Amino acid sequence: MTATSGRLRLMDRKRAFAREEILNAAERLLRAGDVPDFSMRALCEEAGVSFATPFNYFGSKAGILRGLAQRMFDAIIDRYSADTAVAPTGGGDAIDRAFVMGEAGCAVWLERPAMHRFLIGSMVADGPAVAGSLNGDPEEMRTRSRALWILALGAYDGIDPAMRPLAEAALPEQLAIMFRGAAALWAGGEIADDQFAAAVELSTATSLTGYVPADRRVALSGRIARAATVLAPRIATGSHSD
């Protein structure tokens, strides 16, 4: 290794470390306040860097939010990998693994609900500014969402062979859309924390129903019925006087 290549590798490590420290500081600020948010000046003070540094690494506040969203996806993959590693059958077939992925996503987001609600809200409100990448790709987060389900579906074992071509073409996108829809309702407060997993289970089960053999639909119907019960509207009760 030449001295020049050694310096470049050191610079790369320093850049990676600086990026991680800025993201760590952003996470701390989002978790500390009553209302999750942060100013760039507060971020610089928290990270111990100059005001220009976050802009040099991320371009904007939206770029920092993208970095946090990417961390969120990485955490979901780590959780899914850990859950399938300890499962006796490696998480089962594609149908079973899809539910494991949904459960992993819920578990990660519910660990820091206020921060993740803020991130999801930012992606919805700011659109491509947050959902896009630093190179201007507005579909990066959509691609990463779809990749979660591609990972879970694997070789599409358990899917009806007659439906496999269609499943390969459409099911990862369908699951990603359904999951993000459930997440948006949760982020908006329309689904409570203790209903979020049921919303994802309902979305996953209904998405899979059209792709599985007939003998698997009974179990999926049971999941749908149980999830629908959890998601039933909660009607406030009480008395009032005129």
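**Close-up views of a predicted model**

Asp74 is partly exposed, with a relative accessible area of 39%. It appears in View A, the opening legend of this set, which describes a predicted model.

**View A. Arg144 and Asp74 form a salt bridge.** The closest N and O atoms of Arg144 and Asp74 are 2.9 Å apart. This pair links distant parts of the chain, with Arg144 in helix 8 (residues 140–153) and Asp74 in helix 4 (residues 61–86), 70 residues apart. Arg144, like its partner, is partly exposed, at a relative accessible area of 23%. Side chains of opposite charge can pair when their charged atoms come close.

**View B. Asp83 and Arg79 meet through their side chains within helix 4.** The salt bridge between Asp83 and Arg79 has an N to O distance of 3.6 Å. Both residues belong to helix 4 and lie 4 residues apart, about one turn of the helix. An α-helix has 3.6 residues a turn, so residues three or four places apart point the same way. Asp83 is partly exposed, with a relative accessible area of 29%, and Arg79 is also partly exposed, at 32% relative accessibility.

**View C. A salt bridge joins Arg112 to Glu27.** The closest N and O atoms of Arg112 and Glu27 are 2.4 Å apart. Distant parts of the chain are linked by this pair: Arg112 is in the loop between helix 5 (94–111) and helix 6 (113–126), whereas Glu27 is in helix 1 (residues 3–32), 85 residues apart. Glu27 counts as buried because its relative accessible area is 12%, under the 20% limit. Arg112 is partly exposed, with a relative accessible area of 30%. Arg112 and Glu27 also belong to a network of salt bridges that includes Glu20 and Arg71. The model has a count of 16 salt bridges.

**View D. Helix 9 bends at Ala170.** Helix 9 spans residues 164–187 and has 24 residues. From its first C-alpha to its last, helix 9 reaches 33 Å, close to the 34 Å expected at 1.5 Å a residue. The bend at Ala170 is about 45°, and a proline, Pro172, follows within four residues. The buried residues of helix 9 include Ala167, Leu171, Pro172 and Glu173. Also buried in helix 9 are, among them, Leu175, Ala176, Phe179, Ala182, Ala183 and Trp186. After helix 9 comes Gly189, whose phi is positive, near 85°.

**View E. Ala199 of helix 10 is in contact with residues beyond its neighbours in sequence.** Helix 10 comprises residues 193–209 and holds Ala199. Ala199 counts as buried because its relative accessibility is 6%, under the 20% limit. Leaving aside neighbours within four places in sequence, Ala199 is in contact with Ala182, Ile191 and Leu231. One of these partners, Ala182, is a buried residue of helix 9. Trp186, another buried residue of helix 9, is 13 residues from Ala199 in sequence and 8.8 Å from it in space, C-alpha to C-alpha.

**View F. Arg226 of helix 11 is exposed.** Helix 11 covers residues 214–231 and contains Arg226. Arg226 counts as exposed because its relative accessible area is 51%, over the 50% limit. The C-alpha atoms of Arg226 and Ala198 are separated by 8.1 Å, although the two residues are 28 residues apart along the chain.

**View G. Tyr156 has a positive phi.** The phi of Tyr156 is near 60°, a positive value in a residue other than glycine. Most residues other than glycine have a negative phi. Tyr156 is placed in the loop between helix 8 and helix 9. At 9% relative accessibility, Tyr156 counts as buried.

**View H. Cys44 and Cys106 are buried.** Cys44 has a relative accessible area of 5%, and Cys106 has a relative accessible area of 3%. The count of disulfides in the model comes to 0.

**View I. The confidence of the prediction is given for the chain, together with the stretch at residues 237–242.** The chain averages a pLDDT of 87, and 87% of the residues score at least 70. Over residues 237–242 the pLDDT is below 50. Beyond near neighbours in sequence, the stretch 237–242 has 0 contacts in the model.

Key. Residues numbered from 1 in each chain as written. Predicted model: local features only at pLDDT ≥ 70, side-chain atom pairs only at ≥ 80, totals over all residues. Heavy atoms only, no water. Helix = DSSP H or I, 4+ residues; strand = E, 2+ residues; numbered from the N terminus. Expected span 1.5 Å × (residues − 1). Bend = angle between axes of the 7 residues up to and from the residue. Buried < 20%, exposed > 50% of the residue type's maximum accessible area, 1.4 Å probe, protein only. pLDDT = per-residue confidence, 0-100. Contact = heavy atoms within 4.5 Å. Salt bridge = Lys/Arg side-chain N within 4 Å of Asp/Glu carboxyl O. Disulfide = S-S within 2.5 Å.
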